[in-house]
Amino acid sequence: MPTPPGLDRPSAAADTATIAAANLLSAAARSGTPCVPVRDLIGADDVAAAYAVQEWLTAERITAGATVVGRKIGLTSPAVQRQLGVDQPDFGVLFDDMQYNQDTPVPLSRLLQPKVEAEIAFVLAQDLVEGPLDDEQVRGAVDYAVAALEIVDSRIAGWDITFGDTVADNASSGLFVLGTERRTLDGFDPVSAQMQMSIDGRCVSTGTGAACLGDPLHALAWLARTTREFGQPLRAGQIVLSGALGPMAAIEAPGTATADITGLGSVTAAFIQE
């Protein structure tokens, strides 16, 4: 999939609109109260402006002590694109404090408007900096694949988002949980994976690897090229959440979400009300 146009790396000097949008989203995250959309400040589909806000917020998190551990790819599933009214993928940043272990309950107080989706995560063994960054190269750079649950969230009230809103808001990132069964790509084919996700035993989503941009490795290659365009290429050891395999489902009360992905086993997240 081609790299979207207009992805010049955001400059260090942010303009007034960038700072205003970032301040809105940052305040919403700190207060736990969602804010109005930021598209009136930066535009609904201005890719460069939206990523400039995301970069500003990323710098703010790093200054506060957070560590980048990878990236997430969003809006890869046609079903999720339809849910949010968009037609192209995006990416966000994964920080160390976003990861939960399966045996550690997720407090709903950490989230505003959570939804959960099942994905294949890749952990990289090699940097993706040079070369064509095509499917063959990115396949060779993968250390292993693992089942993942991404808990997406929005700092924008009512999930009233356009492409610009979600990109600015770190691709509507929240938290994530990885499974324990690690598979190399010698013995696991991401595109043929089948997924079923349930909440408290009730099936809420099904999908396949092919639902993720046709193949999760296509999504990884898209991300590798796109982040390189930004001057922030993928590095060995990073985690990549490659995108939803089916529709996301809202988490509206305490409960347990479980995803089963053929070849990767299961991954579970328990949500609690403190």
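# Exercises on a predicted model

Leucine 41 has a relative accessible area of 37% and is therefore partly exposed (buried is under 20%, exposed over 50%, partly exposed in between, with a 1.4 Å probe and protein chains only). The model is predicted, so local features need pLDDT of at least 70 and side-chain atom pairs pLDDT 80 or more, while totals for chains, interfaces and linings use all residues. Residues are numbered from 1 along each chain as its sequence is written, and side-chain values use heavy atoms, without hydrogens and water.

**Exercise 1.** Place leucine 41 and find the surface patch that includes this residue.

Step 1. Leucine 41 belongs to helix 2, residues 39-42 (helices are DSSP runs of H or I with at least four residues, strands are runs of E with at least two, both numbered from the N terminus).

Step 2. Together with Leu24 and Val36, Leu41 makes a nonpolar surface patch of about 230 Å². Patch residues have over 30% relative accessible area and no salt bridge; like charges are joined within 9 Å, nonpolar side chains (Val, Leu, Ile, Met, Phe, Trp, Tyr) within 5 Å. A salt bridge is a side-chain nitrogen of Lys or Arg within 4 Å of a carboxyl oxygen of Asp or Glu. Areas are Shrake-Rupley values with a 1.4 Å probe, and for residues only the protein chains shown count as cover.

**Exercise 2.** State the strand order of the five-stranded open sheet and identify its edges.

Step 1. The order is 4-13-12-8-9, with mixed pairing (a pair needs at least two DSSP bridges).

Step 2. Strand 4 (106-107) and strand 9 (202-208) are the edges, each pairing on one side only.

Step 3. Strand 8 (residues 194-199) and strand 12 (residues 255-261) run antiparallel and are joined by five bridges. Serine 198 stands opposite threonine 258 of strand 12.

**Exercise 3.** Is isoleucine 156 buried or exposed, and which residues does it contact?

Step 1. The loop between strand 6 and helix 6 (163-168) holds isoleucine 156.

Step 2. Its relative accessible area is 0%, so isoleucine 156 is buried.

Step 3. Beyond four places in sequence, the contacts of isoleucine 156 include Leu25, Val36, Gln113 and Asp169 (contact means heavy atoms within 4.5 Å).

**Exercise 4.** Why does serine 173 count as buried, and what surrounds it?

Step 1. Serine 173 is in the loop between helix 6 and strand 7 (175-178).

Step 2. Serine 173 counts as buried because its relative accessibility is 4%.

Step 3. Leaving out residues up to four places away in sequence, serine 173 touches Lys72, Val93, Met98, Glu150, Ile151, Asp153 and Arg155.
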